[in-house]
Amino acid sequence: MAASGGLLGDLAPIRQVEAKHDYAPQRLTKPTPVRDGRFTIASYERKEGRAATDVWDQESFVKYMFMMVEGEVEATEACGQTLFDYPDAPWELRFLIARQLWDEARHAELSLQRFQELGGKLDMLPVRDTFPLYFGPVHNDDLAKRLAHLNQVVEGWVTDDFAMMVDICRQLDDERSARLFEQLIADEWLHIKIGGDWIPRLTANNPAYRAEVVKYRLEVEQKLYNDLDAAAKETADRFAASPKGA
Ligand SMILES: [Fe+2]
Ligand SMILES: [Fe+2]
């Protein structure tokens, strides 16, 4: 047991792995998302952005589901980018991220199916070129920080958001969608666990590095929630000014 690090988890640090950057700029380094002709790409404008869980009827729910489709596609892309960027990361971690990629692809397909059942069309809203969830964090060069941002902060918020959507869908008498979100949550907590299990391993026996990653995590989490608060306030102000046009 002592040789394996004992009960306190005093593990040998895992060899630091560097992001691979000797490749031509790929999908996520392009200025706009790459999508086929069914999608419309546009620049992000806050006034058109949606606050989290900004759903109060069938029409606003279909718009939310559009965001779900795009978010899950981006989550899939982010996993693929991490696998591509870190070919030398520990095999067990790469395996878990590959499994997450499969989960996210399935989430995108299930979300698309429900979106289309509800009458949604892929060109009904533009795909934002600066979607705030995945495009930023996936550029992080440090693997532990990337996991902190994607697999803790973003996946954590997503799981909270889906839990709220379960209740909102039931209030809208939409049991089928409520079940969809319940099924997604069953996968999402495992994505958080990838960060929870691997950040300690990647920073083992290096307290300064671990403190840096924890500090980074707190900062990006605070920024995400500040941005969400600002978006929610703008929606509320718009609604107060014009209840129908909000
Ligand atoms: Fe997902
Ligand atoms: Fe996820």
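What follows is a walk through the fold of a single protein chain, from its overall layout to a few individual residues.

The structure is a predicted model, so some limits apply: local features need pLDDT of at least 70, side-chain atom pairs count only at pLDDT 80 or more, and totals for chains, interfaces and linings use all residues. Residues are numbered from 1 along each chain as its sequence is written, while chains are lettered from A and ligands numbered from 1 in the order in which they are written. The predictor's confidence in each residue, pLDDT, runs from 0 to 100, and the protein chain averages 83, with 78% of the residues at 70 or above. Helix H2 (residues 91-117) has the highest mean pLDDT among the elements, 97, and strand S2 (residues 126-128) the lowest, 73. Over residues 23-28 the score stays under 50.

Five helices and two strands turn up in the protein chain; these are DSSP runs numbered from the N terminus, with helices being H or I of at least four residues and strands being E of at least two. In sequence order the pattern reads β-α-α-β-α-α-α. Two residues are taken to be in contact if their C-beta atoms, placed from the backbone, lie within 7 Å. Among contacts between residues at least 6 apart in sequence, 78% join residues at least 24 apart.

Burial is a matter of counting: a residue is buried with 20 or more other C-beta atoms within 10 Å of its own, exposed with 12 or fewer, and partly exposed in between, with C-beta atoms placed from the backbone. On that count, 28% of the 246 residues are buried. Helix H1 (residues 58-85) is largely enclosed by the rest of the structure, because 20 of its 28 residues are buried.

A nonpolar core here means a set of buried Ala, Val, Leu, Ile, Met, Phe, Trp, Tyr and Cys residues joined through C-beta atoms within 7 Å. The largest one has 21 residues, of which Ala144, Leu147, Ala148, Trp198 and Ile199 touch the most other members. H1, H2, H3, H4 and helix H5 (207-241) each give two or more residues to this core, and H3 gives the most, with eight. Apart from it lies another core of 11 residues, including Val55, Phe61, Tyr64 and Met65. Back in the largest core, alanine 148 is in contact with Val153, Gly195, Ile199, Val213, Tyr216 and Arg217, leaving aside neighbours within four places in sequence.

Helix H3 covers residues 143-171, and its 29 residues should span 42 Å at 1.5 Å a residue; the end C-alpha atoms are 40 Å apart, which agrees. The expected span is 1.5 Å times one less than the number of residues. Even so, H3 has a kink of about 30°, centred on glutamate 155, the bend being the angle between axes fitted to the seven residues ending at a residue and the seven starting there.

After H3 comes the loop to H4, which holds aspartate 173. Its phi is positive, near 65°, though the residue is not glycine, and aspartate 173 is exposed, with 9 other C-beta atoms within 10 Å. Asparagine 205, in the loop between H4 and H5, has a positive phi near 60° and is partly exposed with 13 C-beta neighbours inside 10 Å.

Helix H4 (residues 175-202) includes arginine 179, which is partly exposed with 14 C-beta neighbours inside 10 Å. Arginine 201, in H4 too, lies 57 residues along the chain from alanine 144, with their C-alpha atoms separated by 9.3 Å.
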